[in-house]
Amino acid sequence: MTGVHQLSRADARRVAVQAQLLDAERPADLLGLVRHLTLLQLDPISAVTPSADLVVWSRLGPAYSPAELRDALERRTLIELNALVRPAEDLALYRAEMAHWPGQGELREWQHARRDWVTANDGCRRDILERLEESGPLTMRELPDTCAVPWGSTGWTNNRNVEKLLVFLVQRGEVATAGRKGRERLWDLAHRVYPDHPVVPTDEALRRRNERRLRALGIARARAPEVPVEPVDVGEAGEPAVVEGVKGEWRVDPSWLDRPFTGRAALLSPFDRLVHDRKRLTELFEFDYQLEMYKPAAKRRWGYYALPILYGDRLVGKLDATADRKAGVLRVDAVHEDEPFTAAVSAAVSREIEDLARWLELDLVRAV
């Protein structure tokens, strides 16, 4: 296959690890890191520490302080969009898409339904925008629910009208997250929050987003099923590749190929982009992993919030640990070894666990 990169699984894994800045050469600072990764996913679960902070610590190491992320969000060098932290300048890559909400071309049934629901509740939409204009930023509880048509769902969002409307107003580019009051989001008019950069046309924005996503992932599928939060595919970005032993064609960022590789140990968030695409995780890393916090305790294999363990270019196990801040301890209940650790792996993983406890300012308590 002329013009197609021929990669072993090890080649592909090393590309992925280096692209996610998880090799031995650590990045220098938070803003540069997020600009490269393109995003940090926010998640309310804090069994060890908030996911976004764990993702940053895994790369920057003990010099990182979570206050840096809070400060960057307050200064708006980083901005929250749909529960993702992005560099402020990247908002220009989403504004054209917002203007065409709920989509361009032939709409799907669910897009029609969302558009019709927002149209039916245009009075509530205007009430919310007027309240924010007068008094924003405000929490969701401070916004009026004057919806004429309730949001219908068989799930937990049933009748949560303002919550759903805010989601759509963010997607329309009318409202934005302006900060936090405790654990509650503050909402304001988008033009007060987003930088006034020139809007990038839709096709150009999509191309650049695919290129940046591939740069951050290293290797990805050109096409993949839609997933929540952020796509895992990259269109025609990069160059075609095949991976030995894996069916189908991949796209690879050639700038990551043929680089010398020096790995290290790292403890990863369950939402880390290295492991987030579970299909790619299985195909390239041959790593069996699920986030088990939604399973009954008796059915968990690795723990409520087990952290994948990286060593070199392999994912070698899972860490079952919990930060008990009231007791002042990081409690390690298990280190699950996918294959028996060598002495070198055991020592490196142990050092990472100790470093995590020190960074959290907790005493380390091992049940194993």
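Reader: Which residues does glycine 179 touch, not counting residues up to four places away in sequence?

Author: Glycine 179 touches Glu184, Arg185 and Leu186. Keep in mind that this is a predicted model. Glycine 179 sits in strand β6, which covers residues 175-181.

Reader: Is glycine 179 buried, exposed or partly exposed?

Author: Look at the relative accessible area: buried means under 20%, exposed over 50%, and partly exposed is in between. Glycine 179 has 25%, so it counts as partly exposed. Its C-alpha atom is 7.2 Å from that of leucine 73, and the two residues are 106 apart along the chain.

Reader: Okay, let's try a charged residue. What is the nearest side chain of opposite charge to lysine 164, and how far away is it?

Author: That one is glutamate 163, at 7.1 Å. A salt bridge needs a side-chain nitrogen of Lys or Arg within 4 Å of a carboxyl oxygen of Asp or Glu. Lysine 164 is buried yet has no salt bridge. You'll find lysine 164 in helix α8, residues 161-171. Leaving out residues up to four places away in sequence, lysine 164 touches Trp117, Trp151 and Thr157.

Reader: Now sheets. In what order do the strands of the open sheet of 5 strands come?

Author: Read across the sheet, strand by strand: the order is β11-β12-β13-β14-β15, and the pairing is mixed. β11 (265-267) and β15 (363-366) are at the edges with a single partner strand each, so one side of each has no neighbour in the sheet. On average, neighbouring strands here are turned by 30 degrees against each other, ignoring direction.

Reader: Which helix packs on that sheet?

Author: Helix α13, residues 343-360, packs on the sheet and touches β11, β12, β13, β14 and β15. The direction of α13 makes about 45 degrees with that of β11.

Reader: How do strands β12 and β13 run, parallel or antiparallel?

Author: Antiparallel, with 5 bridges joining β12 (residues 307-311) to β13 (residues 314-324). To follow one bridge, start at isoleucine 309 and go to its partner in β13, glycine 317.

Reader: What about β9, how many of its 5 residues are buried?

Author: 4 of them, so strand β9 (residues 239-243) is mostly covered. Try tracing its partners. β1 (residues 5-7) runs parallel to β9, with 3 bridges between them, and histidine 5 has alanine 241 as its bridge partner in β9. β10 (residues 250-252) runs antiparallel to β9, also joined by 3 bridges, and there alanine 241 stands opposite tryptophan 250. β9 and β10 make a hairpin with 6 residues between them, and glycine 245 in the turn has a positive phi of about 85 degrees.

Reader: Which residue other than glycine has a positive phi near 60 degrees after α1?

Author: Leucine 21, which lies in the loop between α1 and α2 (30-37). Leucine 21 is buried, with a relative accessible area of 15%. Aspartate 258 also has a positive phi, about 60 degrees, although it is not a glycine. Aspartate 258 is in the loop between β10 and β11 and counts as exposed, at 82% relative accessibility.

Reader: Last thing: where is the cis peptide bond that has tryptophan 101 in it?

Author: Check omega along the backbone. The bond joining tryptophan 101 and proline 102 is cis, with omega about 5 degrees, and proline 102 lies in the loop between α5 (95-99) and α6 (109-120). The bond from glycine 136 to proline 137 is cis too, with omega near 5 degrees. Proline 137 is in the loop between α7 (122-135) and β5 (138-139).

Key:
Residues numbered from 1 in each chain as written. Predicted model: local features only at pLDDT ≥ 70, side-chain atom pairs only at ≥ 80, totals over all residues. Heavy atoms only, no water. Helix = DSSP H or I, 4+ residues; strand = E, 2+ residues; numbered from the N terminus. Buried < 20%, exposed > 50% of the residue type's maximum accessible area, 1.4 Å probe, protein only. Lys, Arg positive; Asp, Glu negative; His and termini not counted. Contact = heavy atoms within 4.5 Å. Pairing = 2+ DSSP bridges. Axes fitted to C-alpha atoms, helices over the stretch in contact; angles between N-to-C directions.
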